[in-house]
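Q: I would like a close look at one part of this model, the place where aromatic rings may meet, and a careful account of its setting in the rest of the chain. Please take it step by step, with the numbers that each step needs.

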Amino acid sequence: MGMMKEFKEFAVKGNVIDLAVGVIIGGAFGKIVDSVVADLIMPVVGTVFGKLDFSSLFIVLGTVPAGTGMTLTDLKKAGVPVFAYGNFITVAVNFAILAFIIFLMVKQINRLKKEAPAAPEVAPAVSEDVLLLRQIRDSLQK
């Protein structure tokens, strides 16, 4: 029963719950970024580079059965090995955009956080020996 108690203490710690919330929000945010890249950015990039759709760029590595379409989806359904480098480009662009957005968010959050004012320096406490020596010094000077 001790192991269950330890697990319960571990699971309800603030850091574990914060991490779980972060993973869930991160997953949802990742879907938003995927949509932005796939639906907004990549069509513009494809148009700039001559009606290019990165997701359909591939190299066929095997023989194509007769009657199979030459699209990535059709080739994958037919079990033909393909080198889908266009999909990799899309995922890499997604990652770069997501990393940049997270960088901007963290930078903004850090900027908004107010630094705690530095505590005023307190002079170190003087020991009794030092006080006594000062009194003796002052007496000798008189």
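A: The answer below begins with the chain as a whole, turns to the aromatic rings, and then follows the helices outward from there.

The model is a predicted one, and its protein chain comes to five helices and two strands. Read along the sequence, these elements follow the pattern α-α-β-α-β-α-α. The radius of gyration of the protein chain is 32 Å, whereas the globule rule gives 14 Å for 142 residues, so the chain is more spread out than a compact globule. Taken along the principal axes, the box filled by the C-alpha atoms is roughly 115 × 55 × 25 Å, and buried residues make up 11% of the 142 residues.

Now to the rings. A pair of aromatic rings is described by the distance of the centres and the angle of the planes. With ring centres required to lie within 6.5 Å, the count comes to one aromatic pair. This pair is made by F83 and Y85, whose ring centres are 6.2 Å apart and whose planes stand at 35°, so the pair is tilted. The reasoning rests on the cut-offs, because planes under 30 degrees apart would count as stacked and planes over 60 as edge-to-face. As for cover, F83 has a relative accessible area of 47% and is partly exposed, and Y85, with a relative accessible area of 31%, is partly exposed.

The numbering of Y85 leads directly to helix α4, which covers residues 85-112. This helix has 28 residues and reaches 41 Å from its first C-alpha to its last, close to the 40 Å expected at 1.5 Å a residue. Within α4, the residues G86, T90 and N94 are buried, while Y85 is partly exposed.

From Y85 one can also look across to L19, since the two residues are 66 apart in sequence and their C-alpha atoms are 33 Å apart in space. L19 has its place in helix α2, and at 56% relative accessibility it counts as exposed, because the cut-off for that word is over 50%. Helix α2, which runs over residues 14-48, is also the place of I17. I17 is partly exposed, with a relative accessible area of 41%, and together with V12, V21 and I25 it forms a nonpolar patch on the surface, with about 360 Å² of accessible area in all.

Toward the other end of the numbering is helix α5, residues 128-141, whose 14 residues should span 20 Å at 1.5 Å a residue; the end C-alpha atoms are 20 Å apart, which agrees. The number of buried residues in α5 is zero, so this helix lies largely in the open. Side chains of opposite charge can pair when their charged atoms come close. The structure holds one salt bridge, in which the side chains of R137 and D138 meet at 3.4 Å, N to O. R137 is partly exposed at a relative accessible area of 45%, and D138 counts as partly exposed at 35%.

A last separation adds to the picture of the spread. D74, which lies in helix α3 (residues 72-77) and counts as partly exposed at 30% relative accessibility, is 58 residues from L132 in sequence, and their C-alpha atoms are 94 Å apart in space.

Definitions and conventions: Residues numbered from 1 in each chain as written. Predicted model: local features only at pLDDT ≥ 70, side-chain atom pairs only at ≥ 80, totals over all residues. Heavy atoms only, no water. Patch = residues over 30% accessible without salt bridge, like charges linked within 9 Å, V, L, I, M, F, W, Y side chains within 5 Å. Areas by Shrake-Rupley, 256 points an atom, 1.4 Å probe, with all protein chains shown as cover. Salt bridge = Lys/Arg side-chain N within 4 Å of Asp/Glu carboxyl O. Helix = DSSP H or I, 4+ residues; strand = E, 2+ residues; numbered from the N terminus. Buried < 20%, exposed > 50% of the residue type's maximum accessible area, 1.4 Å probe, protein only. Expected span 1.5 Å × (residues − 1). Phe/Tyr/Trp six-rings, centres within 6.5 Å; stacked < 30°, edge-to-face > 60°. Rg over C-alpha atoms; globule rule 2.2 N^0.38 Å.
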